[in-house]
Amino acid sequence: KVTIKGIERELICPACKELFTHPLILPCQHNVCHKCVKEILFAFEDSLADGGSESSNQSSPRIRISASSMDRIDRINKSGRKRNSLTPRSTLFPCPSCQRDIDLGERGINGLFRNFTLETIVERYRQAARAAVAIMCDFCKPPPQESTKSCMDCSASYCNECFKIHHPWGTVKAQHEYVGPTTNFRPKILMCPEHEMERVNMYCEICRRPVCHLCKLGGGHANHRVTTMSTAYKILKEKLSKDIEYFISEESQVKAHITQLDLLVKETECNSERAKREASQSFEKLFHVLEEKKSAALRAIDTSKNIRLEKLQTQVEEYQGLLENSGLVGYAQEVLKETDPSCFVQTAKQLHVRIQKATESLKSFRPAAETTFEDFVVDTAKQEDNLRDLSFHSNGLEIPEINEEQSRMYNKALISWECPGKTDSADIYVLEYHKLNKEEDSVTWQKTEVCGKSKVLSDLDDDSSYAFRVRGYKGSICSPWSREVIMHTPPAPVFSFLFDDKCGYNNEHLQLNPRRTSVESRAGFPLLLGSERLQVGCYTTLDYIIGDTGIAKGKHFWAFNVEAYSYLVKVGVVPSNKIEKLFHNTHDVTSPRYEQDSGHDSGSEDAVLDLSQPCTLVTLGRKKFFIPATPAAPKDPASRILPLPSCLGICLDCDRGRVGFYDAGCMKCLYECEVDCSGLMYPAFALMGGAAVHLEEAVTAKNREYHDDI
């Protein structure tokens, strides 16, 4: 049996810090009171309208917007968002638990499920807290009598006499379901919030929420993987039960960890006091120079101590929650009492993730903070001039690392970084960068302060190399600089365009996405019917598509990605006076056995195919980049085959009449040739067989958001 008062920590709303009232399940799987959700949205809107001022942050006595949410409000205001652009029906919601902006979808609050299981547990807690406070009959004449039962169909409580009157024998009401006196009434069947007349009967494994059959057929879960509710109920209950049994069996280990953490807390306090005394003695030796620094050093030690104590205390509370009949375990045991599959599933998934994380933490126990303060010992041997610039490099702040995979150079530079421990211990970050120039003897770093973990830079020169580094600050303490990362800007300004869905576009063989940024070749029945007439070989036709914008002069660069499974793709440029010939060229019919640049032929047919080409193209496919066979190219076919870069770029210089093909990741030129730029030049693509091309998206201000989600 679970002591209901031991799980109070799990029943508190993160917004109002009170017991949940009609809790709603957010897409991030956290719970918030229905009233708090509305108030947060109103407060968020007011903060946007008032510029995120301190007074606007007090619009509701129940909730407060976190500092991270206020930082996002400031960024939105600086971007020029107009007043009243965010209404209470907005889809943007700052979750008070995970501090992320959550998209609630088109229906907003109306698309969220009520957590009936949590609501029932809260009601049981309230009843235990108020002991024997009676629930009165809703229909008695004054003075009302104490109720003896509650009708779940009528959502009302009755004494014996009133129940007989309102539920006469032999009527439909006599078949109503009744329970003991309660104030928590919930529907018998969980209905879909998007299709209010449909009950939920499936569980979406992608969104981790119950759905109805209409959601699966044509709604937002049409292409998602779903399972039956009974299956999800059985699997989740099995996993949760096993994990709870493990915690109960390891209760002695949990208590041992708590004892160890209590000792670490005392040791941390003792060592911090000793470090403060040693720091004071060191500063007094150089009193006349270090008087201003003395108070800052003491504050630094206190800050470090508070950080460590907070981490250790949080760890103590987490392990206390693993004890039987309290905290997380007690809450999970209460959830296991839920018999309704729909209600159980919507609560158990997020709970099971927390249980798994706690299990991993228990198996690999390690204190959350160090107890030593050796990094605060002041070196008094330094000269007085250097002491004026003294700052502590604390082990409490991790050295950030620039993430080269998430960082990229295109129309702007997006620089992203992260901490190795995945913790955000710094209040602010400083990003520095400078252009690499061999002629300059001294280096001048440009500096910018960032509240998040990414920054978009737009003032970089084309065809240049830049070095970047970042460090974190928390009060007066800073971390060491990260390792310098060198990145290269495109060789020319970025040219923006979309795939043209009108000029020569073959919708039978090619498929565009709605935004016209991706094209995919699909081999359907027309190809099968065409192949049926062939008896020898397998001959197919290249399907061409061009950009919707042309280039008349200047130097321009664009980038794209070719899917790894692509069999054959050609990319390049085509002049406007040859577009008609491109889409009606009879020589486009080729064989895989004699494909230009395939490396399987002797090269005798290259000249014929080059003469027939109306545009300048290079061949890609099977994760390879094929350098065209030209007099300047290597004679060995194998040396003309390069690995296909993850992102490919094209640079067209109309003034010089040249086009280059680049590895857009490192901006290295793979192949360059002359091109006739007498007319408007259009980006050109050709696909054959299974293939897909995606245009590189431009770097925008929204890329500054944290990358931890997605």
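This passage describes helix α6 and the sheet on which it packs. The model is predicted, with local features requiring pLDDT of at least 70 and side-chain atom pairs pLDDT 80 or more, whereas totals for chains, interfaces and linings use all residues. Residues are numbered from 1 along each chain as its sequence is written, and side-chain values use heavy atoms, without hydrogens and water.

Helices (H or I, at least four residues) and strands (E, at least two) are DSSP runs, numbered from the N terminus. Helix α6 comprises the 21 residues 229-249; its end C-alpha atoms are 30 Å apart, in agreement with the 30 Å expected at 1.5 Å a residue, the expected span being 1.5 Å times one less than the number of residues.

The buried residues of α6 (under 20% relative accessible area, 1.4 Å probe, protein chains only) are M229, A232, Y233, L236, L240, D243, I244 and F247. Seen down the helix axis, these residues fall within an arc of 120°, so they line one face of α6; the arc is that of the directions from the axis to the C-beta atoms. On the other side, S230, K234, K242 and E245 are exposed (over 50%).

The buried residues of α6 pack against elements (contact means heavy atoms within 4.5 Å) including α7 (251-285), α9 (327-335) and α10 (341-363).

Strands β10, β9 and β11 form, in that order, an open antiparallel sheet, where pairing requires at least two DSSP bridges between two strands. β10 and β11 are the edge strands. Three bridges join β9 to β10, and C204 stands opposite R209 in β10. Helix α6 touches β9, β10 and β11, and its direction makes about 90° with that of β11; axes are lines fitted to C-alpha atoms, for helices over the stretch in contact, and angles run from 0 to 180 degrees between N-to-C directions.
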